[in-house]
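Reader: Hey, I've got this protein open on my screen and I'm a bit lost. Can we go through it together?
Author: Sure, let's put it up and start with how far to trust it.

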Amino acid sequence: MDSCDWSVLDAVVKDRLQFLNDALRPSVNMPMSNKIANAVELLARLEQVERMLNLSFQQTVASKSKEAASHLAAKLENLKTEASRIQGKIWDCGKEVQECNDKNAHILEELLALHREKVQLTVLQKRFDDEEEWRTLVEEVDGIFSAGQLASMTDHVLKMHQFVSRSAVDDQDQKRQSYLDNLKDQLISAITPSVIAAFHQRAVESCHDYAGIFKSLGRDKDFESIFFSYIKRDFGKIWSSISWSEIDITDLLKRLLDLLVNAWQDNSRLVGPPVLSNADDLICAALSESFQILQPSLESLLQNYHFNDNAQPTKSLLNLKSMLEQTANSVSLYFGDAKQETKLQLGKKLLAEFVPLLIRYKQDETSYLLFEVNKFEFERTAWTASAAVMFTLLNEASERSRILLGKFSLPLLLRSIEPALLNYMARVDQLFDQLDNKTNKHFDIWLKLVSFCGKLWHLTFKLEDTLKADWQRMTTDDTDDEQDKSSLYELVIEESGHFLDESKKLMSNSIVEPVLLAQLLPEYEHRLRQLTNRALHIACVKLLEPVDRILDPVPKLPVWMEEKTFDLPNYSIVPQEYVTALGQYLMTLANKLEPLLNSDVGSEMALSLKWQMGKFDNMREVQIFDPESEARLWLEWIFGEIMIRFVRTIQQVPKFAINGRKQLLVDAECLCNVIEDFGVDVPDKLNDFIGKLRDEITYS
């Protein structure tokens with residue numbers, strides 16, 4: 001900024017210092033009015049100075065602005081002129097650049113055209129050279145292959161393979177590839193015997209060389225296929241060379257495991273890693289497939305062992321199953337780096353040889369059970385123990401079935417045990433026929449029939465519990481975790497399909513667990529009901545034969561028709577002799593029942609009687625046997641049967657006199673007293689009879 005122009009101030013105040021001194025110097029003697037006047041004058045002068053300074057500043061700025069504007073305008077005009085000149089040069093340069101670009105583009109197109117022609121010529125030259133080379137290779141094929149030198153043949157095919165590998169892919173190349181594939185097939189056919197010979201001779205280096213050749217030819221799969229087939233045939237030859245008929249089953253399975261392990265170890269040394277990374281899988285898979293071609297077959301050897309065991313053919317299955325399962329499980333311990341799935345497949349193939357025997361299980365088990373049942377002796381007292389022996393056989397069969405078939409055991413178990421049960425029931429029926437025809441008067445022999453049926457019910461209920469457990473196991477769906485834990489043997493059983501189909505057929509029926517027995521073994525349950533009814537009927541007839549003899553003359557007693565000239569009171573009438581005889585027989589019967597009911601057969605007798613009295617549903621609930629309550633139950637039943645006979649006998653009397661009715665009332669009341677003395681309720685049949693008799697006497 002320009003310095004202040006003090007000339008303006010000089011125009012107002014001549015002596016600047018004097019002015020300031022006069023205005024600002026204090027004067028003690030100067031009056032206040034003068035001081036104020038001085039101040040006002042000073043302010044006026046300062047305002048005048050300000051106006052003059054502003055005017056001077058504006059004039060200076062205007063003057064300088066005009067000078068600067070004229071100078072800038074001149075410079076701007078010069079810049080415009082220079083810009084126009086430069087823009088013209090730029091336009092000229094752009095035209096020159098465009099002309100250069102056009103020339104360069106034309107040159108590039110010509111160069112590209114030349115390059116394309118060069119490439120085409122190069123391609124044509126290469127094709128010509130390739131065609132010439134291929135023609136030479138093809139022409140040499142016949143001579144080389146006719147010479148039969150495997151090394152020369154292999155080397156020549158490798159050259160052709162390399163040639164095709166580096167060739168472009170076109171129609172011509174596809175034809176070459178097809179020709180080469182045919183040629184490779186011929187070479188592999190020619191070289192295969194040598195490869196197999198190397199396998200037989202255990203020539204490790206040769207095997208590695210051949211594997212390298214196949215790999216170079218891109219035919220790794222062909223080498224694996226040859227190796228796979230060799231293992232199958234070699235294992236089959238080794239198997240056939242052994243006299244299996246002279247080896248027992250234990251040694252057979254041990255030998256089988258040894259053969260499998262030796263086959264794996266020997267062949268793994270030949271082509272194991274790094275020659276074939278999947279050698280263990282190939283060996284394992286080949287051995288799995290070899291079971292189909294073994295002569296004699298493993299299945300036939302297992303069958304010979306099984307059927308030669310005439311004594312216990314079904315039990316031999318358990319031994320076979322155990323040994324085969326151990327052998328199959330041992331496979332995974334030996335087959336090195338083979339995939340778990342492949343090792344499992346070998347184990348499954350081994351166990352699958354056992355499945356045909358399992359399918360025959362029903363027939364074999366049935367035959368065995370029938371054979372055992374036919375050995376039972378039903379004479380003297382031996383028949384009473386047959387029930388326990390019979391159901392022991394059934395329980396053993398059930399256990400075998402579960403071990404052999406797992407959750408699929410129930411359908412085949414039912415089919416195998418029902419014929420044996422029906423055969424057993426038929427023999428018991430024959431026994432009942434013999435006992436029924438005998439004139440044996442022993443009291444306990446008839447009650448033993450009842451006890452025997454009760455024992456059958458008791459054992460049958462236990463069998464039913466076993467069948468329920470098998471049913472629940474079969475119908476319960478396995479979770480994924482349980483399926484993962486399934487043994488290899490169980491997987492083979494399920495995958496065979498046969499046993500799964502049998503289970504589905506059984507589950508398709510509407511089974512209600514509370515009456516499971518009647519639905520799973522309907523014929524046996526029906527026969528057991530018939531047998532129990534018959535036993536009670538025989539016992540009833542035999543036990544009440546003395547009652548029938550006592551009551552036989554009663555309808556013909558003259559006392560019923562006697563007319564008295566005077567009416568005697570009832571208390572003067574005494575019971576007749578037949579009533580006394582009945583009372584004595586009842587006492588004898590009770591005394592004979594007491595030791596039986598307090599023995600081991602008491603609960604069994606109670607089961608049969610409950611069935612007869614319509615308490616069948618409660619039979620399964622018998623937990624604790626009470627001899628006193630069961631004795632009362634038996635006496636109620638016997639007294640009820642006696643009263644039925646008594647009433648039936650009295651109904652045969654053609655006519656009663658009034659005194660005869662009174663005598664009959666006394667006899668009937670005496671029988672009531674006898675029954676009550678035993679602590680048993682009087683049968684309703686007798687109470688109703690006495691009530692009607694009293695009414696007849698009252699209103700006659």
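Author: This is a predicted model, so confidence is a good place to begin. Among the elements of the chain, helix α7 (residues 220–240) has the highest mean pLDDT, 90, while helix α18 (residues 480–484) has the lowest, 49.

Reader: OK, and what does the protein chain average in pLDDT?
Author: The average is 80, and 82% of the residues score at least 70. Residues 621–625 are a weak spot, with pLDDT below 50. In the model that stretch has 7 contacts beyond near neighbours in sequence.

Reader: Back to α7 then. At what angle do α7 and α9 pack?
Author: About 45°, and their axes are 9 Å apart. The two helices are therefore oblique to each other. Their crossing is right-handed.

Reader: Which residues of α7 and α9 make the contact?
Author: From α7 you have Glu224, Phe227, Phe228, Ile231, Lys232 and Phe235. The α9 side brings Leu282, Ile283, Ala285, Ala286, Leu287, Glu289 and Ser290. By type, the residues of this contact split into 9 nonpolar, 1 polar and 3 charged.

Reader: And how do α9 and α12 pack?
Author: Helix α9 (residues 279–290) and helix α12 (residues 340–352) pack at about 15°, with axes 9 Å apart. Angles under 35 degrees count as roughly parallel, so α9 is roughly parallel to α12. Here the crossing is left-handed.

Reader: Which residues meet there, in α9 and α12?
Author: On α9, Asp281, Cys284, Ala285, Leu287, Ser288 and Glu289. They meet Thr342, Lys343, Gln345, Leu346 and Lys349 of α12. That contact divides into 4 nonpolar, 3 polar and 4 charged residues.

Reader: New topic: is the peptide bond from Gln295 to Pro296 cis or trans?
Author: It's cis, with omega near -5°. Pro296 sits in the loop between α9 and α10 (298–308). For background, most peptide bonds are trans.

Reader: What about Arg202, positive or negative phi?
Author: Positive, about 55°, although Arg202 is not a glycine. You'll find Arg202 in the loop between α5 (171–200) and α6 (204–216). In general, most residues other than glycine have a negative phi.

Reader: Last one! Which residues does the "coiled-coil region" annotation cover?
Author: Residues 62–89, according to an unreviewed UniProt entry. In the model, the chain over residues 62–89 is 100% helix and 0% strand. The C-alpha atoms at the ends of that stretch are 41 Å apart.

Conventions. Residues numbered from 1 in each chain as written. Predicted model: local features only at pLDDT ≥ 70, side-chain atom pairs only at ≥ 80, totals over all residues. Heavy atoms only, no water. UniProt positions renumbered as here; feature names shortened; annotations may be inferred. Helix = DSSP H or I, 4+ residues; strand = E, 2+ residues; numbered from the N terminus. Axes fitted to C-alpha atoms, helices over the stretch in contact; angles between N-to-C directions. Parallel < 35°, antiparallel > 145°, perpendicular 65-115°, else oblique. Left-handed = near helix turned anticlockwise from the far one by under 90°. Contact = heavy atoms within 4.5 Å. Nonpolar A, V, L, I, M, F, W, Y, C, P; charged D, E, K, R; others polar. pLDDT = per-residue confidence, 0-100.
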